[in-house]
Amino acid sequence: MNSIDLIRSNLARSTELALAKIEEMKPHALVFPTPNQGGHTIWVVGHLAYIEGLVIRTFALGEPNP
């Protein structure tokens, strides 16, 4: 297995794991955060998706930072 295949395999696996966890959290998507702060599930997932897109565009595709 070469480097790019390893990266693709790891990205696919991390996607599977993340989506499985998100599916488990679905019933609690808009539950108000605890008194210890934090965001609700949709807020956290939205930020993760934004950062993932930013990393892919910036590092993998070489696009400038927006």
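These are my notebook entries on the salt bridges and the largest pocket of this structure, which is a predicted model.

Entry 1, salt bridges overall. I began with a search of the whole structure for salt bridges, and that search returned three. I then went through the pairs one at a time, looking up the atom distance, the place in the helix where I had it, and the accessibility of the side chains involved.

Entry 2, Arg13 and Glu16. I looked up this pair and found that the two side chains meet in a salt bridge, with 3.2 Å from N to O. Both residues sit in helix H1, which covers residues 3-25, and they are three residues apart, or about one turn of the helix. I also checked how far each partner is open to the surroundings: Arg13 has a relative accessibility of 46% and therefore counts as partly exposed, and Glu16, at 47%, is likewise classed as partly exposed.

Entry 3, Lys21 and Glu24. Further along I noted a salt bridge between Lys21 and Glu24, whose closest N and O atoms are 3.6 Å apart. This pair, too, lies within helix H1 with a spacing of three residues, about one turn of the helix. For Glu24 I recorded a relative accessible area of 53%, and because the cut-off for exposed is over 50%, Glu24 is exposed.

Entry 4, Glu23 and Lys26. Here I found a salt bridge in which the closest N and O atoms of Glu23 and Lys26 are 3.8 Å apart, a value that still qualifies because the limit is within 4 Å. Glu23, with a relative accessible area of 49%, is partly exposed, whereas Lys26, at 56% relative accessibility, counts as exposed.

Entry 5, the largest pocket. I turned next to pockets and noted that the largest pocket holds about 290 Å³ of space. Its lining is made up of Leu11, Ser14, Thr15, Ala18, Leu19, Ile22, Val45, Leu48, Ala49, Ile51 and Glu52. When I asked which elements give two or more residues to this lining, the answer was H1 and helix H2 (41-60). H1 supplies the largest share of the lining, six residues.

Entry 6, character of the lining. Sorting the lining of the largest pocket by class, I counted eight nonpolar residues, two polar ones and one charged one. Glu52 is among the lining residues, and I put Glu52 down as the charged one because Asp, Glu, Lys and Arg are the residues that count as charged.

Methods:
Residues are numbered from 1 along each chain as its sequence is written. This is a predicted model: local features need pLDDT of at least 70, side-chain atom pairs count only at pLDDT 80 or more; totals for chains, interfaces and linings use all residues. Side-chain values use heavy atoms; hydrogens and water are left out. Helices (H or I, at least four residues) and strands (E, at least two) are DSSP runs, numbered from the N terminus. Buried means under 20% relative accessible area, exposed over 50%, partly exposed in between (1.4 Å probe, protein chains only). On a 1 Å grid over the protein atoms alone, a cavity is a set of points where a 1.4 Å probe fits but cannot get out, and a pocket is an open set with protein on both sides within 12 Å along at least five of seven lines; lining residues have an atom within 4 Å of a point. Grid points are joined across faces, edges and corners, and a volume is the space filled by probe spheres set on the points.
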